[in-house]
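Here is a short briefing on one protein chain. Keep the sequence and the model open while you read.

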Amino acid sequence: MPAQAKPEATARTSPPLTERQAARRRRILHASAQLASRGGFDAVQMREVAESSQVALGTLYRYFPSKVHLLVATMQDQLEHMHGTLRKKPPGGESAAERVAETLMRAFRALQREPHLADAMVRALTFADRSVSPEVDQVSRQTTVIILDAMGLENPTPEQLSAVRVIEHTWHSALITWLSGRASIAQVKIDIETVCRLIDLTDPENPENPENPENPENNG
């Protein structure tokens, strides 16, 4: 994604779906999420997804070539729903860093309520190879849009986009360590709040930003 481009979350990179196709895709993603919520990654079997969503197995594979493709797309869909919820009730922090930290913790707690689903989606991201790059990119773009919305930015600088990417990596890593039992919710919160400080450091108007002409180090 070029640094100067405004990230946009799109449903697919292929031609737009018809209304009937979009409805079928929604049923598939809903069935995937329901099965994952009950039993995690292993519970999502393509034949069961097809039966639950009332589509032919061959049709399911045309939409999603594998379970990994399906679960990564399910994560993008879940993030899109979270984004809608966040827009209805925006974070209330005074600074951009506080708003992003609050936003990511709210998203984290939403996933915490569905640990089997969260584990299935994260495992799919971990297993994803190059063939799943379009779906993985969708997840990344959706996460970026959520963070930029919380920051209140439409035209981020390259430095700010770099900070957003580091925040995304940290959030994803924190989710993995929590799911594996290696981190508590309190530790996740500390890590998220710490990495979100990068937002202040990359703010062009922050005197401590090395790119700001008013930074004392630039006047030495």
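Start just past helix α8, where glycine 181 follows with a positive phi near 80°. The model is predicted. The points below go from that helix to a loop residue, then to the whole chain and its cavity.

**Helix α8**
- α8 covers residues 158-179, 22 residues in total.
- From first C-alpha to last, α8 reaches 32 Å. That is close to the 32 Å expected at 1.5 Å a residue.
- Its buried residues include the aromatic pair Trp171 and Trp178.
- Gln160, Glu168 and Thr177 are also among the buried residues of α8.
- Leu161, Ala163, Val164, Ile167, Ala174 and Leu175 complete the buried set of α8.
- Which elements do the buried residues of α8 pack against? They pack against α4 (67-88), α5, α6 (115-127), α7, α9 (185-195) and α10 (197-201).

**Glutamine 54**
- A second positive phi to check is that of glutamine 54, near 60°. This residue is not a glycine.
- Glutamine 54 sits in the loop between α2 (46-53) and α3 (57-63).
- Is glutamine 54 buried or exposed? Its relative accessibility is 68%, so glutamine 54 counts as exposed; the cut-off for exposed is over 50%.

**The chain as a whole**
- The chain has 10 helices and 0 strands. Read from the N terminus, every element is therefore an α in the run α-α-α-α-α-α-α-α-α-α.
- Of the 220 residues in the chain, 43% are buried.
- Take the contacts with a separation of 6 or more: 69% of them join residues 24 or more positions apart.
- The chain exposes about 12100 Å². Carbon and sulfur atoms supply 50% of that area.

**The cavity**
- How many cavities of 30 Å³ or more does a search of the whole structure find? The search finds 1.
- The largest cavity has a volume of about 50 Å³.
- Leu79, Thr103, Leu104, Ala107, Thr143, Ile146 and Trp171 line the largest cavity.
- Trp171 therefore appears twice in this briefing: as a buried residue of α8 and in the lining of the largest cavity.
- α5 (96-112) and α7 (133-151) each supply at least two residues of the lining. α5 gives the most, with 3 residues.
- By type, the lining divides into 5 nonpolar residues, 2 polar and no charged.

Note on methods: Residues numbered from 1 in each chain as written. Predicted model: local features only at pLDDT ≥ 70, side-chain atom pairs only at ≥ 80, totals over all residues. Heavy atoms only, no water. Helix = DSSP H or I, 4+ residues; strand = E, 2+ residues; numbered from the N terminus. Buried < 20%, exposed > 50% of the residue type's maximum accessible area, 1.4 Å probe, protein only. Contact = heavy atoms within 4.5 Å. Areas by Shrake-Rupley, 256 points an atom, 1.4 Å probe, with all protein chains shown as cover. 1 Å grid on protein atoms, 1.4 Å probe; cavity = no way out; pocket = protein on both sides within 12 Å on 5 of 7 lines; lining within 4 Å. Points joined across faces, edges and corners; volume = space filled by probe spheres on them. Nonpolar A, V, L, I, M, F, W, Y, C, P; charged D, E, K, R; others polar. Expected span 1.5 Å × (residues − 1).
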